[in-house]
Structures are given as C-alpha cells and as structure tokens.
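Student: I'd like to go through this one with you before I set anything up. Please start with the terms and then take my questions as they come.

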Amino acid sequence: MAKKLEVPYNGTKEQEERLRAGIAEIRAAHAGKGLTIAALQKGQEIFGYLPEKALQIIADELGIPLAEVYGIATFYAQFSLYPKGQYKIGVCLGTACYVKGSGDVYQKLCDELKIKGGECTDDLKFSLDATRCIGCCGLAPVMTVNDDVYGKVTPDEVPKILAKYRT
C-alpha cells in the first residue's frame with residue numbers, strides 16, 4: 001500500500017475568502033458552464049496547489065459533492081493535490097531522454113528524496129515531477145531544478161546535484 005502523504009494545511013482565512021470571492025466572479029462570468037475547472041484553477045492559483053480545504057470550499061460554493069470536485073482535480077494533470085517544493089525538480093521522460101537513461105535518473109531522485117513523482121518532501125524543500133520534452137534533446141537525459149537545466153545527467157550525479165540545493 002502506498003504511503004499516504006500527510007500535508008499540513010497552511011492556508012489562511014484570507015486565501016479562503018479570496019477563493020470564495022473568485023468563485024463568485026467565475027459564477028457570474030461563466031453562466032453555469034465550466035465552473036468546476038475554473039474554480040479549481042482559481043484555487044490552485046491562490047494556494048499553489050489544491051489542499052483538501054480548498055476542494056471542500058469549491059464543493060460547498062458550487063453545491064456539488066466533494067467526490068465530484070476531487071474526481072475532476074485528479075483527472076487533469078494541471079492540478080496538484082500536493083504543494084510544490086522550494087526546488088521544483090523535473091525529469092524529462094520524453095523519448096530521447098528516456099532512451100538515454102532518464103528513467104534511471106528519475107528513480108534515483110525518488111530514492112534520494114524518498115518521494116514519488118508528484119510529491120513533495122516533508123520539509124517542503126523538493127518536489128519531483130516527470131516532464132515531457134523540454135527541447136533539449138541534444139543534452140539527453142535532462143533534468144531541471146527550478147530554472148537550472150542539467151544535461152547528460154547520470155544517476156550517479158544526482159546526489160551531487162541535490163547537494164547544491166540542500167544547503
């Protein structure tokens with residue numbers, strides 16, 4: 001069974017009120033169509049991800065079941081139920097990178113950070129996501145840490161790269 005990531009809720013009353021106000025604006029502008037996705041986008045914009053509290057607010061404000069909101073949030077890749085870390089790590093799993101070993105780099109990051117893709121470390125320092133082609137095929141395999149791009153990465157280099165950001 002997968003480990004359940006316990007994410008403490010750090011939202012504020014101000015953020016919650018901004019979400020409620022945003023949903024009211026969306027409701028007025030959308031005339032009943034696409035409300036849930038627009039509300040989820042607003043929630044993610046405000047919180048940086050979609051904590052359970054934000055999902056509940058959206059469900060309550062739109063008058064729909066929480067399960068429906070959760071289903072939509074988990075269906076679309078643009079939404080995250082987990083916060084992103086201070087350092088957002090992406091590993092390209094596009095064809096060129098994958099053929100050159102990015103799957104092994106990705107697994108090494110999972111092992112080093114003790115998280116799975118889409119998750120964030122408990123200290124909120126690192127988050128890890130698989131990406132598709134970022135246009136650096138000549139540097140395959142490629143990983144990014146925020147705006148820093150690392151090319152021709154091997155699993156053995158992962159600890160050294162992470163050490164730059166752990167200080």
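Tutor: Let me fix one term before anything else: two residues are in contact when they have heavy atoms within 4.5 Å of each other. The model is predicted, so to speak of local features we need pLDDT of at least 70, and side-chain atom pairs count only at pLDDT 80 or more, whereas totals for chains, interfaces and linings use all residues. Residues are numbered from 1 along each chain as its sequence is written, and side-chain values use heavy atoms, with hydrogens and water left out.

Student: OK, so which residues does E16 touch, leaving out those up to four places away in sequence?

Tutor: With those sequence neighbours set aside, E16 touches Y9, F47, K53 and I57. E16 itself sits in helix α1, where a helix is a DSSP run of H or I with at least four residues, a strand is a run of E with at least two, and both are numbered from the N terminus.

Student: Is E16 buried or exposed?

Tutor: E16 counts as buried, with 5% relative accessibility; the scheme calls a residue buried under 20% relative accessible area, exposed over 50% and partly exposed in between, using a 1.4 Å probe and protein chains only.

Student: Which residue does the E16 side chain meet in a salt bridge?

Tutor: That partner is K13, at 3.8 Å from N to O, and the term asks for a side-chain nitrogen of Lys or Arg within 4 Å of a carboxyl oxygen of Asp or Glu. Both residues belong to α1, which covers residues 13-30, and they are three residues apart, about one turn of the helix. In contrast to buried E16, K13 counts as exposed, at 62% relative accessibility.

Student: How many salt bridges turn up in the whole structure?

Tutor: The search finds six. Among them is the pair R20 and E17, 3.6 Å from N to O, again within α1 and three residues apart. R20 also forms a salt bridge with E61, where the closest N and O atoms are 3.5 Å apart. R20 lies in α1 while E61 lies in α3 (residues 52-62), so this pair ties together parts that are 41 residues apart in sequence. Taken together, E17, R20 and E61 are linked in a network of salt bridges.

Student: What about exposure there, say for E17?

Tutor: E17 is partly exposed at 48% relative accessible area, as are R20 at 27% and E61 at 29%.

Student: Switching to α1 as a whole: how far does it reach?

Tutor: Its 18 residues reach 25 Å from the first C-alpha to the last, close to the 26 Å expected, the expected span being 1.5 Å times one less than the number of residues. The buried residues of α1 are Q15, E16, L19, G22, I23 and I26. They cover an arc of only 120 degrees around the axis, which puts them on the same side of α1; the arc is taken from the directions from the helix axis to the C-beta atoms. K13, E14, E25 and A28, on the other side, are exposed.

Student: What do the buried residues of α1 pack against?

Tutor: They pack against α2 (35-47) and α3. The buried residues of α2, which include L35, L40 and F47, pack in turn against α1, α3 and α4 (66-75).

Student: And what comes just after α2?

Tutor: G48 follows, with a positive phi of about 90 degrees, while α1 is followed by A31, whose phi is also positive, near 50 degrees.

Student: Last topic: how many disulfides are there?

Tutor: The search finds zero, a disulfide being a pair of cysteine sulfur atoms within 2.5 Å.

Student: Why does C110 not have one?

Tutor: The closest cysteine sulfur to that of C110 is in C120, and at 13 Å it is too far for a bond. C136 has its closest cysteine sulfur in C137, at 7.7 Å, which is likewise too far for a bond. C110 is buried, with 12% relative accessible area, whereas C136 is partly exposed at 23%.
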